[in-house]
Amino acid sequence: ASILVLHGPNLNLLGTREPGVYGATTLNDINQRLSEICQQQGHHLLSLQSNAEYELIDRVHEARSEGVDFIIFNPAAFTHTSVALRDALLAVGIPFIEVHISNVYRREEFRHTSYFSDIAEGVICGLGAEGYELALTAALTRCSQ
Ligand code: DQA
């Protein structure tokens with residue numbers, strides 16, 4: 001299967017960004033680990049981090065023509081703001097899992113609402129970088145069903 005992992009704004013700073021909240025794992029570590037798991041099981045991982053909403057939207061559109069089977073998505077701050085990204089995911093109809101490193105429900109009120117959770121296959125939050133691996137395991141199970 002072909003899996004796309006999408007990382008939203010500021011996640012390029014993982015490792016140095018508020019380590020008390022987001023941990024010490026870098027984005028590169030996360031992508032490497034996911035890529036390893038995919039390779040071991042004969043799957044293919046694609047990834048993109050962007051700070052620009054339109055780039056994430058364009059990537060979601062491309063995913064359809066590329067035949068991406070499943071998306072793992074941490075929309076970061078766009079979680080709480082982006083109707084446009086929600087509409088992109090609805091438009092392509094590719095199943096996705098929403099991931100957050102931090103437990104957004106333990107944080108500010110504005111982080112308690114998501115434009116994605118009700119259209120996601122599932123949501124993982126608060127488990128740190130491990131959340132991405134859990135999401136990948138779930139995605140691969142769904143792809144082989
Ligand atoms: C985040 C949580 C969001 O509220 C925040 O804006 C982020 C990261 C997380 O992974 O915990 O940038 O999505």
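## Ground rules

A helix here is a DSSP run of H or I with at least four residues, and helices are numbered from the N terminus. By that count, helix 4 is followed by Gly93, whose phi is positive, near 70 degrees. Keep in mind that this is a predicted model.

## Helix 4

Helix 4 covers residues 83-92. Its buried residues are Leu85, Ala88 and Leu89. Looking down the axis of helix 4, you find these residues within an arc of 95 degrees, so they line one face of the helix. They pack against helix 3 and strand 4.

Turn helix 4 around and you meet Val83, Leu90 and Ala91, which are exposed on its other side.

## Helix 3

Helix 3 runs over residues 53-66, which makes 14 residues; at 1.5 Å a residue that should span 20 Å, and the end C-alpha atoms are indeed 20 Å apart. Leu56, Val60 and Ala63 are the buried residues of this helix. Because they cover an arc of only 50 degrees around the axis, they sit on the same side of helix 3. Their packing partners are strand 1 (2-7), strand 3 (70-74) and helix 4.

The face turned away from that buried side carries Tyr54, Ser65 and Glu66, which are exposed. Right after helix 3 comes Gly67, with a positive phi near 80 degrees.

## The nonpolar core

The largest nonpolar core has 34 residues, and the ones touching the most other members are Ile3, Val5, Ile71, Ile72, Tyr132 and Ala135. Plenty of elements chip in: strand 1, helix 2 (27-40), helix 3, strand 3, helix 4, strand 4 (96-100), strand 5 (122-125) and helix 5 (130-143) each supply at least two residues of this core.

What does Ile3 touch, leaving out residues up to four places away in sequence? The list is Cys38, His43, Leu45, Asp69, Phe70, Ile72, Leu136 and Ala139. Of these, Ile72 also appears among the core residues that touch the most other members.

## Around the ligand

The residues surrounding the ligand are Asn10, Asn74, Ala76, Ala77, Thr79, His100, Ile101, Ser102, Val104 and Arg111. Sorted by class, this shell has 5 polar, 4 nonpolar and 1 charged residues.

Asn10 from that shell is worth a second look. This residue is found in the loop between strand 1 and helix 1 (19-22). Is Asn10 buried or partly exposed? With 14 other C-beta atoms within 10 Å, Asn10 counts as partly exposed; the cut-off for buried is 20 or more.

## Odd backbone angles and loops

Most residues other than glycine have a negative phi. Asn10 goes the other way, with a positive phi of about 75 degrees although it is not a glycine. Glu18 is another non-glycine residue with a positive phi, in this case near 30 degrees. You will find Glu18 in the loop between strand 1 and helix 1. Glu18 is exposed because it has 11 C-beta neighbours inside 10 Å, and the exposed class takes in residues with 12 or fewer.

Further along the chain, Glu108 is in the loop between strand 4 and strand 5. Glu108 has 8 other C-beta atoms within 10 Å, so it is exposed. How far apart are the C-alpha atoms of Glu108 and Tyr22? They are separated by 15 Å, with the two residues 86 residues apart along the chain.

Methods:
Residues are numbered from 1 along each chain as its sequence is written. This is a predicted model: local features need pLDDT of at least 70, side-chain atom pairs count only at pLDDT 80 or more; totals for chains, interfaces and linings use all residues. The expected span of a helix is 1.5 Å times one less than its number of residues. The arc is that of the directions from the helix axis to the C-beta atoms. Two residues are in contact if their C-beta atoms, placed from the backbone, lie within 7 Å. A nonpolar core is a set of buried Ala, Val, Leu, Ile, Met, Phe, Trp, Tyr and Cys residues joined through C-beta atoms within 7 Å. A residue is near a molecule or strand if its C-beta atom, placed from the backbone, lies within 6 Å of it. Ala, Val, Leu, Ile, Met, Phe, Trp, Tyr, Cys and Pro count as nonpolar, Asp, Glu, Lys and Arg as charged, and the others, Gly among them, as polar.
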